[in-house]
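Open the model in your viewer and keep the sequence panel beside it. We will go from stop to stop, selecting a few residues each time.

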Amino acid sequence: MESTAQGAKPIFSNQALVRLLIPLAIEQLLLMTVGMADTMMVTSAGEAVVSGVSLVDNINNLIINIFSALSTGGAVVVAQYLGRQEAGNARSAAKQLLYVALLASLTLMGLALLLRGHILRLLFGDISREVMDSALVYFLLTAAAYPFIAVYNAGAALFRAMGNSKVSMFNSLVVNVINVAVNAVMIYGFGMGAAGAGLGTLVSRVAAAGIIAGMITRPTLPVYVEDPLHPKLQWRMVKSILGVGVPAGVENGMFQVGKLLVLKLVTSFDIGVDLAVRGSAVAANAISNSIAGFINVPGQAVGLGMVTVVGQCMGARDHGQAVGYAGKLLKVSYLAMGISCVGLFLAAPALVPLFNLTPATAAIAVQVLRWNAVFATVFWPMSFTLPNALRAAGDAKFTMMVSMLSMWICRIGMSYLLGSSWGMGMGLLGVWLAMFFDWIVRAALFLGRFLRGKWKEHEVI
């Protein structure tokens, strides 16, 4: 591959970047509020229900991240074909992405529905009966939504690859409105607790999938899915998609598995403890993760934009613009993350009480959120925004290896060393400190890879 000459026309203007990134940020914010709404609205049913919902959400995040990884693979392939101005191949890749995502989601849904009790007992066997009951019913309903989540993610990724992020933003708004409305009726009106939250998620995901599936089949789009009811696999396209999607899926999957293993450690902190005095580590961790997720929204939005922008640059064989845009977007991520982290540090004591936690549990949550704000400001963008530039170029195996090794050695190993009673006994704070060390290692390795430039040698299509 050869870079184009210096002085080439910019592939993305500043206005085009703004049009891409702002809807992405709003979309990610709206998607975050789906899980937040479930958590907040079930607090009326007690901490056992909150804990059950949050435990299952960690499993669901594993599955959703696998779908997102496959969609990223498809988005990279489509973006690179668009960069080469090969619209026909881009449409073919779009159709293959939809089939791959749907097949994977149906398989995972079947496994989750059949084995949900075994999965929960394997991961969280020491939790109370009340928490397990809530987790079982919530898992049943949310697992049924997997195919619809996969279709939505695939469609949203295709629109983003075209540089159109308004469509996925609109769908995220629909998801939120429906989810909150159904939650309100089922939880507050009928007192259904975890079941009400699960129904809200299922109904909203079905609606969003239906809308985006209808839109992505319109022939007026630069990239659309042709004749979706007549599947025809094109293995060359599938191989290209999986070449990015599988490493990203393994990376995201192992990341979430690692979080689940750490969460199992967190659940042990509550065994035999007077929660009114010492606080619930599981509830504090759940609420802290929900709130902390919001400050990551700007970085996540820029990371999604990075796939589109760098992907099209690499497809056009313009390495210079790929490097330039990656650097510019990383700076945007730092600026936005810095603002949100300062806001979290100052607002944490006011936000946590909104979740009706005991004073002891709330104090734990405020502590870890403030530590999170400090470390996220410095290390999060390099750890999670920058590697999307590498993935967009096809360097997904490197990001996978770094993420897996850092997760197992730093986040999991140090969580047990710092947090467990046989280690330093720091409890939940020790678990979060281990996560911050994981970020530091990722940031150093990803930045080094980017500066050395080896990622530019990969070819996806």
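**First stop: a buried ring**

Select Phe446: at 0% relative accessibility this residue counts as buried, where buried means under 20% relative accessible area, exposed over 50% and partly exposed in between, with a 1.4 Å probe and protein chains only. Before moving on, note that this is a predicted model, in which local features need pLDDT of at least 70 and side-chain atom pairs count only at pLDDT 80 or more, while totals for chains, interfaces and linings use all residues. Residues are numbered from 1 along each chain as its sequence is written, and side-chain values use heavy atoms, with hydrogens and water left out.

**The helix around it**

Now select residues 428-452, which make up helix H16; helices here are DSSP runs (H or I, at least four residues; strands are E, at least two), numbered from the N terminus. Helix H16 has 25 residues and reaches 37 Å from its first C-alpha to its last, close to the 36 Å expected at 1.5 Å a residue. That expected span is 1.5 Å times one less than the number of residues. Step just past the end of H16 and you reach Gly453, with a positive phi of about 85°.

**Aromatic pairs**

How many aromatic pairs does the structure hold? There are 12 aromatic pairs, counted when rings of Phe, Tyr and Trp (its six-membered ring) have centres within 6.5 Å; planes under 30 degrees apart are stacked, over 60 edge-to-face, and the rest tilted. Select Trp380 and Phe384 to see one: the ring centres are 5.0 Å apart and the planes stand at 35°, so this pair is tilted. Both belong to helix H13 (residues 359-385), and because they are 4 residues apart, about one helical turn separates them. Colour by accessibility and Trp380 is buried, at 7%, whereas Phe384 is partly exposed, at 22%.

Next, bring back Phe446 and add Phe398: these ring centres are 6.4 Å apart with planes at 70°, so the pair is edge-to-face. Phe398 sits in helix H15 (residues 396-419) and Phe446 in helix H16, so to speak a link between distant parts of the chain, 48 residues apart. For a wider view, select Phe255, Trp371, Phe375, Phe379, Trp380, Phe384, Trp432, Phe436 and Trp439, which form one aromatic cluster.

**Salt bridges**

Side chains of opposite charge can pair when their charged atoms come close. How many salt bridges does a search of the whole structure find? The search finds 7, each being a side-chain nitrogen of Lys or Arg within 4 Å of a carboxyl oxygen of Asp or Glu.

Start with Arg91 and Glu226, whose closest N and O atoms are 4.0 Å apart. This pair links distant parts of the chain: Arg91 is in helix H3 (residues 87-124), and Glu226 is in the loop between helix H7 (194-215) and helix H8 (235-268). Draw a distance between their C-alpha atoms and you should find 7.4 Å, although the two residues are 135 residues apart along the chain. Arg91 is partly exposed, at 22%, and Glu226 is also partly exposed, at 36%.

Move on to Asp395 and Arg449, where the closest N and O atoms of the salt bridge are 2.8 Å apart. Asp395 lies in the loop between helix H14 (387-392) and H15, and Arg449 in helix H16, so the pair ties together parts that are 54 residues apart in sequence. Are these two residues buried or exposed? Asp395 counts as buried, at 1% relative accessibility, and Arg449 is buried as well, at 11%.

Now select Glu457 and Lys454, whose side chains meet in a salt bridge at 3.7 Å, N to O. Glu457 counts as exposed, at 59%, and Lys454 as partly exposed, at 41%. Then pick Arg411, Asp438 and Arg442, which are joined into one network by salt bridges that share partners.

**A nonpolar patch**

Switch on the surface and select Val342, Phe345, Leu346 and Val374. Together they form a nonpolar patch with about 370 Å² of accessible area. Patches are made of residues with over 30% relative accessible area and no salt bridge, with like charges joined within 9 Å and nonpolar side chains (Val, Leu, Ile, Met, Phe, Trp, Tyr) within 5 Å. The areas come from the Shrake-Rupley method with a 1.4 Å probe, and for residues only the protein chains shown count as cover. Which helix gives the most to this patch? Helix H12 (residues 319-351) does, with 3 residues. Phe345 lies in helix H12 and counts as partly exposed, at 34% relative accessibility.

**Last stop: cysteines**

Finish by selecting Cys313 and Cys341. Cys313 counts as buried, at 0% relative accessibility, and Cys341 is buried too, at 1%. How many disulfides are there? The count comes to 0 disulfides, a disulfide being a pair of cysteine sulfur atoms within 2.5 Å.
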